[in-house]
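Here are a few friendly notes to read alongside the model. They follow the pocket and then the ligand.

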Amino acid sequence: MEASSRHIYLLGPMGSGKSRLGKELAPKIGFPFLDLDRFIEQTHNTSIQNIFDTQGEDAFRAIERACLIEIAALPPAVIALGGGTPCFFDNMEVVKATGYSIYLRTPVALLAQRLSNAKTERPLLAGKDETAIREFLTQQLSYRERYYGQADTVVENNGKLKAADLVRLLINPTTEHTEKGTE
Ligand code: S3P
């Protein structure tokens, strides 16, 4: 799929910068920005944390799937997926059929550092310190990488990646398959 023809999906684990970079990227390319987690919270009028607490992860994944289908049918947007979205059902097929996907591959140490300082509530990380988060993510990525790796482009996110780097990549997707980020 051409980089400009449909949605731009950002995927990657919790803390990989999907929402932050997506928010910056969208106005640069004249697209609206949509965050799947926020879409879920708005349409269900509750928090992700509350869905996990009251209905459990399986119910959350079903809701996430339904919201992905809804979002995919909207006009072209930059869409930040949840960390687990590509890894359940055939969600990655939906992503690939409706847009151009970018995996923000980020070192686990950086993810763990960011997530242990993050204010956002993430049910899968509740009660974990930085070391426990690092172990959890290492294990999780060993499974999830096979889904993330199906993205149209893999971008190395060393923490310095900017939306402008993603714009360059979208303009010239064939020559820039990885992006190290600018100083
Ligand atoms: C999850 C990631 C979260 C959110 C939920 C589950 C995951 O999104 O969808 O807490 O399974 O990795 P972010 O990646 O935006 O934190």
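1. Let me start with the helices around the largest pocket of this predicted model. Helix H1 (18-29), helix H2 (36-44), helix H3 (48-55), helix H4 (57-72) and helix H6 (108-117) each give at least two residues to its lining.

2. The largest pocket holds about 680 Å³ of space. It is lined by 32 residues, and those closest to its centre are Met-14, Gly-15, Asp-37, Thr-120 and Arg-122. By type, the lining has 13 charged, 10 polar and 9 nonpolar residues.

3. Where is the ligand? The space it takes is the largest pocket. Around the ligand there are 13 residues, of which Lys-18, Asp-37, Arg-61, Arg-122 and Arg-144 come nearest. This shell is made up of 5 charged, 3 polar and 5 nonpolar residues.

4. Asp-37 and Arg-122 deserve a look on screen, as both names appear among the residues closest to the pocket centre and also among those that come nearest to the ligand.

5. For the polar contacts, please look at the oxygen atoms of the ligand. A polar side-chain atom of Asp-37 is 2.7 Å from one ligand oxygen, while a side-chain N or O atom of Lys-18 lies 2.8 Å from a ligand oxygen. Gly-84 takes part through its backbone, with a polar atom 3.4 Å from an oxygen of the ligand.

6. How much of the ligand does the protein cover? On its own the ligand has 390 Å² of accessible area, and the protein covers 95% of that.

Definitions and conventions:
Residues numbered from 1 in each chain as written. Predicted model: local features only at pLDDT ≥ 70, side-chain atom pairs only at ≥ 80, totals over all residues. Heavy atoms only, no water. Near = heavy atom within 4 Å. Polar contact = N/O pair within 3.5 Å; in protein donor to acceptor, adjacent residues only side chain to side chain. Areas by Shrake-Rupley, 256 points an atom, 1.4 Å probe, with all protein chains shown as cover. 1 Å grid on protein atoms, 1.4 Å probe; cavity = no way out; pocket = protein on both sides within 12 Å on 5 of 7 lines; lining within 4 Å. Sits in = over half its atoms within 2 Å of the grid points. Nonpolar A, V, L, I, M, F, W, Y, C, P; charged D, E, K, R; others polar. Points joined across faces, edges and corners; volume = space filled by probe spheres on them. Helix = DSSP H or I, 4+ residues; strand = E, 2+ residues; numbered from the N terminus.
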